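Thanks for coming. I will take a few minutes to go through one protein chain, starting with the whole and ending with single residues.

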Amino acid sequence: MSCPPCPKCSSEYVYQDQNQLICPECAYEWDPSAVEDDDTPQVKDANGTLLVDGDKVTVVKDLKIKGSSQVIKIGTKALVRRVLDKKDHELDCKVDGVGEMMVTAKFVKKA
Ligand SMILES: [Zn+2]
């Protein structure tokens, strides 16, 4: 298995030393398993706080529910069941009084 290129200088001469990958050209060392964590979606709430699975959030503006006249009122609490890698509606939430629905992260803030 070949090593990935150096994330700092794109060198292809990266080699592995135990759990670390080392770039001989710029001397950068990193843990490839930590780099993989960067693939998890970086979804931020209205305040720019990173949201993760299991976070409790509060709705910061009235949200119309698609295909219904129901509105999720500002201040409604929700539980983030899953953060998805999408452009909007990236939170799979369980919303108090409403149930499961997809919510856009910038319309909530971490409780
Ligand atoms: Zn390098």
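What share of the contacts in the protein chain with a separation of 6 or more comes from residues 24 or more positions apart? The share is 34%. Before going on, please keep in mind that this is a predicted model.

Now the secondary structure. The protein chain contains twelve strands and one helix. Read from the N terminus, the order of elements is β-β-β-α-β-β-β-β-β-β-β-β-β. In other words, three strands precede the helix, and strands follow it up to the end of the list.

Next, the overall dimensions. For a compact globule of 111 residues, one would have a radius of gyration near 13 Å, whereas the protein chain has 20 Å. The C-alpha trace spans about 60 × 25 × 20 Å along its principal axes. Of the 111 residues, 29% are buried. The exposed area of the protein chain is about 7700 Å², and 47% of that is supplied by carbon and sulfur atoms. As for charges, there are 16 positive and 19 negative ones, and their mean positions lie 15 Å apart.

There is one annotation to mention. UniProt, in an unreviewed entry, lists residues 3-31 as "domain: Protein YjdM N-terminal". In the model, that stretch is 28% strand and 0% helix. Its end C-alpha atoms are 12 Å apart.

Two residues are worth a look for their backbone angles. Most residues other than glycine have a negative phi. S10 is not a glycine, yet its phi is positive, about 65°. S10 sits in the segment before β1 (15-17). It counts as exposed because its relative accessibility is 53%, and the cut-off for exposed is over 50%. A27, also not a glycine, has a positive phi of about 65°. A27 is found in the loop between β2 (20-22) and β3 (29-30). With a relative accessibility of 57%, A27 counts as exposed.

Last, L84. Where is L84 placed relative to β9 and β10? L84 lies in the loop between β9 (77-83) and β10 (91-95). Is L84 buried or exposed? L84 has 18% relative accessibility, so it counts as buried, the limit being under 20%. Leaving out residues up to four places away in sequence, L84 touches P41, V43, E90 and M102. S68 is 16 residues from L84 along the chain, and the C-alpha atoms of the two are separated by 24 Å.

That is what I have for today.

Methods
Residues are numbered from 1 along each chain as its sequence is written. This is a predicted model: local features need pLDDT of at least 70, side-chain atom pairs count only at pLDDT 80 or more; totals for chains, interfaces and linings use all residues. Side-chain values use heavy atoms; hydrogens and water are left out. Helices (H or I, at least four residues) and strands (E, at least two) are DSSP runs, numbered from the N terminus. The radius of gyration is taken over C-alpha atoms; the globule rule is 2.2 Å times the number of residues to the power 0.38. Buried means under 20% relative accessible area, exposed over 50%, partly exposed in between (1.4 Å probe, protein chains only). Contact means heavy atoms within 4.5 Å. Accessible areas come from the Shrake-Rupley method with a 1.4 Å probe; for residues, only the protein chains shown count as cover. Lys and Arg count as positive and Asp and Glu as negative; His and the chain ends are not counted. The place of a charge is taken as NZ of Lys, CZ of Arg, CG of Asp or CD of Glu. UniProt positions are given in the numbering used here, feature names are shortened, and annotations may be inferred rather than shown by experiment.
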